[in-house]
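Subject: Structure handover

Hello,

I am passing on the structure we spoke about. Please look it over before reading my notes.

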Protein chains: 2
Amino acid sequence: MATIPKSERTKARVLREALSLAGSVGFAGLTFGTLAEQAGISKSGLFAHFESKEDLQIQTLHLAEEMFVDRVLRPAVKEARGTPRIRRLFDGWMEWIQSGAVPRGDILTSAAFEFDDAPDGPMRAAVVEGHGKMQGTIERLARQAVEAGQFRKKTDPAQFAFEFLGIVHAHHHARRLLRTDQHARRARAAFDRLLETYTR
Amino acid sequence: MATIPKSERTKARVLREALSLAGSVGFAGLTFGTLAEQAGISKSGLFAHFESKEDLQIQTLHLAEEMFVDRVLRPAVKEARGTPRIRRLFDGWMEWIQSGAVPRGDILTSAAFEFDDAPDGPMRAAVVEGHGKMQGTIERLARQAVEAGQFRKKTDPAQFAFEFLGIVHAHHHARRLLRTDQHARRARAAFDRLLETYTR
DNA sequence: CGATGCTACGACCGATCGTGCTTTTCTTCA
DNA sequence: TGAAGAAAAGCACGATCGGTCGTAGCATCG
């Protein structure tokens, strides 16, 4: 029989708790003490699964990234190349922020802001790498839109990605700072304006 | 004679150190211990001037706001109403971010991101208030541009402010995360595109 | 000039942090 | 079933956090 090792299940459960905790108090607030309490395990018991706090943070971040790919990226790629795919990515991302899949908005964006001024280290590197991947993905979608004849020939994909991410981040930030959802409207308007000026 | 009270001079000096420190390690990293060391004063001596850490943070934030008004807002207002004033605000802001007036970029934006998910409290309130003021200021500039016949009649000033701030924040963030200045170009391009679509 | 009150100090507190070490308990598999 | 190894607990550590307290000295002002 497919023995589903118990320790793996425990670890998965702990990681889910860690993700939820990071979502509500940030990665810096993700401490061994509070996580142990929330997961119903002893502080030292956690060290059987994570060799350091940094290790814990990174694994939690990776879990969040996997969820993002699952719930946002993968559905988008099912759409036709070009603007439909780009629109779907934006829509999915907005939902991801609002859904509370993770309590306080986009945990990946949160991490990016939390570690943008952190000293160099594995966690920061992981965050930068994640950001780079996103930037790359959006650039690719923009290039596809050019190839499909929907975006202007002289489109700068990196510029498009910069502005795309800027809108998403602005929405995420406004939502957290002001604790209203009314900025979804503004973000969407900005996105529409973005698409419009890039469309030929 | 104008007696320049000594304690005020000390406090001003300490506050400048605090601002510099907050700029390099964030407001959360602004601890009594490190500040005492950097300012050449004892930890307990600090309590003669600041009744709590929160108090210290708020006063430091206010100093930063004053500097921002001095170096960015005031010069902008000297320009003619409408697009010249808006352009000058953007230029000044970009310089403020890059100048290292404060080491790591825009300390006000940093504070906004640092406290967007903080529990309610005086510091968070101060940050929200500061953000509201900025939003209001930009809206006002946008309205003036409409009155001057430069922006379209049907301009939504709040939407303009949202996007303006979004670009500034995106630049600030990219600069901190990737530690390059190459995004100033992208921010400027985004700003030009913003102005263009709002201009009739 | 002399009394008063603010400034600054050093010592110290309890809480919490990340992380070792040692021991107990539980899984896993031959 | 029993041996081996992994998982988890227990306990303690040094550091650092924000903050208090009693006190000494110096600036300020009547």
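Below are my notes on the protein interface and on the DNA surface.

Please keep in mind that this is a predicted model.

Protein interface

Chain A and chain B each bring 38 residues to the contact between them. About 3,300 Å² is buried between the two chains, and carbon and sulfur atoms give 55% of that area. On the side of chain B, the residues that lose the most area to chain A are B:Phe162, B:Leu177 and B:Arg193, which together make up 22% of what that side buries.

The interface of chain B and chain A holds 10 salt bridges. One of the pairs found is B:Glu163 with A:Arg193, whose side chains meet at 2.4 Å, N to O. There are also 22 residue pairs in polar contact across this interface. In chain B, helices H6 (107–114), H7 (122–147), H8 (157–178) and H9 (183–198) each give two or more residues to the side that touches chain A. H8(B) has the largest share, with 13 residues. By class, that side of chain B has 17 nonpolar, 9 polar and 12 charged residues.

DNA strand D

Around DNA strand D there are 17 residues, of which A:Ser42, A:Ser44, A:His49, B:Lys43 and B:Lys53 come nearest. A polar side-chain atom of B:Lys43 is 2.8 Å from a base oxygen of the strand. Phosphate oxygens of strand D lie 3.4 Å from a side-chain N or O atom of A:Thr10 and 3.4 Å from a polar backbone atom of B:Phe32. The surface near strand D has 5 nonpolar, 9 polar and 3 charged residues.

Regards

Definitions and conventions: Residues numbered from 1 in each chain as written. Chains lettered and ligands numbered in written order. Predicted model: local features only at pLDDT ≥ 70, side-chain atom pairs only at ≥ 80, totals over all residues. Heavy atoms only, no water. Contact = heavy atoms within 4.5 Å. Buried area = accessible area lost by both parts, 1.4 Å probe. Salt bridge = Lys/Arg side-chain N within 4 Å of Asp/Glu carboxyl O. Polar contact = N/O pair within 3.5 Å; in protein donor to acceptor, adjacent residues only side chain to side chain. Helix = DSSP H or I, 4+ residues; strand = E, 2+ residues; numbered from the N terminus. Nonpolar A, V, L, I, M, F, W, Y, C, P; charged D, E, K, R; others polar. Near = heavy atom within 4 Å.
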